[in-house]
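The following report concerns a single protein chain. Its sequence and structure are shown below.

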Amino acid sequence: MADKRMFSKQIIDSDAFLDMPLSAQALYFHLNMRADDDGFINSPKKIQRLINCSEDDLRLLIAKRFVLKFDSGVVVIKHWLIHNYLRKDTYKPTNYIEEKSMLYTKTNKSYTLNPPSSTVVLRECDETVPQIREDKIREDKNSIDLSFIDDSIEKVKLTQEQYNKLINKYGEYQLHKEILALDNYIVNGKGNKYKDHYRALNTWCMKNKANTQSTPNVNKQYDAFQFDD
């Protein structure tokens, strides 16, 4: 296991990460520093106690999908392959073969426990990552990874600038709720007419904001944002 680890600003500068308490953010960094070369940690609770963080901090990282938990108690850093580049001559495979066999790698290099619509095989080192189709690269190169909202999101595409504009106008809760709804709508074959996801989300958020203001006691579609395993 290496002594040095890297962190992607794409992840640690996201609103989802920065909205967490500093204690949860600190725990995330410590878990990353102690993970093996595939991002696995077999003693997350020990690390949590070592730095005097609470169990709620670990639960929050799991709930917000920054780490994925297995029944064995082992956890893995979801965005490990985004954070770290490992050379073939220094890479040491994880000992947690069973847990690794349960993972998929999405085209944006984040881990997932759910088989996404487009996957690549887990790599043994960066040199062995399969080539992603060129049309998929063209489709995604200007889009940010929205999987930190919900691991199932595959269809909704936004640039960082568009995402920031919507967050500033409507807030994280409202926007994330609509992103999940739009993604489900598209996956179910009902959202093909929405070619511009930014405009669709802007319209949905605007309408729901107006409805909420006119009927304060209206029942919301989601009482809490759900993160599937």
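Does E161 count as buried, partly exposed or exposed, and at what relative accessibility? E161 counts as exposed, because its relative accessibility is 52%; the classes are buried under 20% relative accessible area, exposed over 50% and partly exposed in between, with a 1.4 Å probe and protein chains only.

This is a predicted model, in which local features need pLDDT of at least 70 and side-chain atom pairs count only at pLDDT 80 or more, whereas totals for chains, interfaces and linings use all residues. Residues are numbered from 1 along each chain as its sequence is written, and side-chain values use heavy atoms, with hydrogens and water left out.

**Overall architecture**

The chain has 11 helices and six strands, taken as DSSP runs numbered from the N terminus (helices H or I, at least four residues; strands E, at least two). Of its 229 residues, 45% are buried. The exposed surface of the chain is about 12800 Å², of which carbon and sulfur atoms supply 49%; these areas come from the Shrake-Rupley method with a 1.4 Å probe. Where contacts (heavy atoms within 4.5 Å) join residues at least 6 apart in sequence, 67% of them link residues at least 24 apart.

**Nonpolar core**

The largest nonpolar core contains 54 residues, and those with the most contacts inside it are Y28, L31, V156, Y163 and I179. Helix α10 contributes the largest share of this core, six residues. Such a core is a set of buried Ala, Val, Leu, Ile, Met, Phe, Trp, Tyr and Cys residues joined through side-chain atoms within 4.5 Å. Beyond four places in sequence, L31 contacts I41, P44, I47, L58, L61, V67 and I77.

**Salt bridges**

There are five salt bridges, each defined as a side-chain nitrogen of Lys or Arg within 4 Å of a carboxyl oxygen of Asp or Glu. Three are listed here.

| Pair | N to O distance |
|---|---|
| D38 and K100 | 3.5 Å |
| R59 and D56 | 2.6 Å |
| E161 and K165 | 3.6 Å |

D38 lies in the loop between α3 (22–34) and β1 (40–41) and K100 lies in helix α7 (residues 97–101), so their salt bridge ties together parts that are 62 residues apart in sequence. Both D38 and K100 are buried.

R59 and D56 are three residues apart in helix α5 (residues 55–63), about one turn of the helix. R59 is partly exposed, at 48% relative accessibility. In helix α9 (residues 160–170), E161 and K165 are separated by about one helical turn because they are four residues apart. K165 is partly exposed, with a relative accessible area of 41%. Salt bridges with shared partners also join E55, D56 and R59 into one network.

**Two buried sites**

E178 belongs to helix α10 (residues 172–187). E178 is buried without a salt bridge, and the nearest side chain of opposite charge, K177, is 4.4 Å away; for this purpose Lys and Arg count as positive and Asp and Glu as negative, with His and the chain ends not counted. Apart from neighbours within four places in sequence, E178 contacts L201, W204, C205 and N208.

V74 is situated in the loop between β2 (67–69) and β3 (75–77). V74 counts as buried because its relative accessible area is 6%. Outside the residues up to four places away in sequence, V74 touches F40, I41, N42, L68, K69, Y96 and E99. V74 and P44, 30 residues apart in sequence, have a C-alpha to C-alpha separation of 7.4 Å.
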